[in-house]
Amino acid sequence: MRIFTWHIHGSYLFYLSQGNYEIYIPTRSQNDEGYYGRGETFPFGDNVIEIDAENVKDQEFDCILFQTNQNYLADQYEILSAQQRQLPKIYLEHDPPRQHPTDTRHVVNDPDVTLVHVTHFNNLMWDCGETPTTVIEHGVTDPGSLYRGDTERGIVVINNLPSRGRLLGFDIFKTVAKQVPLDLVGMGTGEWGLGEVLHPQLPEFRAAYRFFFNPIRYTSLGLAICEAMMAGIPVVGLATTELSAVITNENNGFIHTNVDYLIGKMQELIADPELARTIGERGRQTALERFNIQRFTKDWEHLFEKVTRTVNNGAIALA
């Protein structure tokens, strides 16, 4: 099956590419959003194929996968042919609504488009109108139980946290860092962090830390959380959005809306490495059951087959 999409979230695209289909992504010389190509960060397989944006109209696909408003409202009319725009369409929504948590209408309002949410929380909160929706929860590859926890510090993995402010919890990070040793990793961390650690090197780097802290107030379930859990690293975070349905407090992680409570638990984890290892192992079991890559790719394969099944046996031949 031949899927056309844009390179929006590199780590998600990498996990999506583990499935049994080909993914075609456009490239442009200016490398603007969605047109980066494969890049050099992720070890994509041969099933992720670059196409010059000017040549996209000459290709055959089975399905179009949108991932941003820009893809849906503008990009498709710039680089897809009229016939390609009649192909089965899926919109992958990565985020919860921003303007208002319950009353924001999604940009897609079309019964012929399938809207995929990455969490049940997002599906609950978006007003999707007449558009059919489904949820495909995250899936990440299993690196094995990498956790060492020999560094008596916590790690936070967020790109551009200082510029993204309260939504991503920059103020919470600063408050916690006054009482608990924390390292911030990611692009655009400035004086507050260690800078970027590339995705292929992050699992080993992250495994040395005693715990993973997520200060984000309002977001989808971050792939970095799933990756940390899969590696057996104990997770501490805010009991908001989907994380409250993933972590059972004081069992497979620590969550709360009281930051002082979380600070106390982080201090406990630093003081008690066996507690940290136990919590991390339980989190890993949750990740193996819920976020395994086999379930994730099967969900996507099933959806691609379903949306293409009724359209000329799964493909529209181009003239």
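A salt bridge is a side-chain nitrogen of Lys or Arg within 4 Å of a carboxyl oxygen of Asp or Glu. The model is predicted: local features need pLDDT of at least 70, side-chain atom pairs count only at pLDDT 80 or more, and totals for chains, interfaces and linings use all residues. Residues are numbered from 1 along each chain as its sequence is written, and side-chain values use heavy atoms, with hydrogens and water left out.

**Exercise 1.** Find what Glu-204 forms a salt bridge with, and place both residues.

Solution.
- Step 1. The partner is Arg-148, with the closest N and O atoms 3.3 Å apart.
- Step 2. Glu-204 lies in helix H6 (residues 202–207) and Arg-148 in the loop between E7 and strand E8 (151–157), so the pair ties together parts 56 residues apart in sequence. Helices (H or I, at least four residues) and strands (E, at least two) are DSSP runs, numbered from the N terminus.
- Step 3. Glu-204 has 48% relative accessibility and counts as partly exposed. Arg-148, at 37%, is partly exposed. Buried means under 20% relative accessible area, exposed over 50%, and partly exposed in between (1.4 Å probe, protein chains only).

**Exercise 2.** Decide whether Asp-183 is buried or exposed, and describe its salt bridge with Arg-153.

Solution.
- Step 1. Asp-183 has a relative accessible area of 13%, so this residue is buried.
- Step 2. Its side chain meets that of Arg-153 at 3.0 Å, N to O.
- Step 3. Asp-183 sits in strand E9 (residues 182–185) and Arg-153 in strand E8; the pair therefore ties together parts 30 residues apart in sequence.
- Step 4. Arg-153 is partly exposed, at 29%.

**Exercise 3.** Trace the salt-bridge network that contains Arg-28.

Solution.
- Step 1. Arg-28 forms a salt bridge with Glu-78; the closest N and O atoms are 3.9 Å apart.
- Step 2. Arg-28 is in the loop between strand E2 (22–27) and strand E3 (48–52), while Glu-78 is in helix H2 (residues 69–79), 50 residues apart.
- Step 3. Asp-32 joins Arg-28 and Glu-78 in the network.
- Step 4. Arg-28 is partly exposed at 22% relative accessibility. Glu-78 is partly exposed at 46%.

**Exercise 4.** State how many salt bridges the rule gives.

Solution. The count comes to 16 salt bridges.
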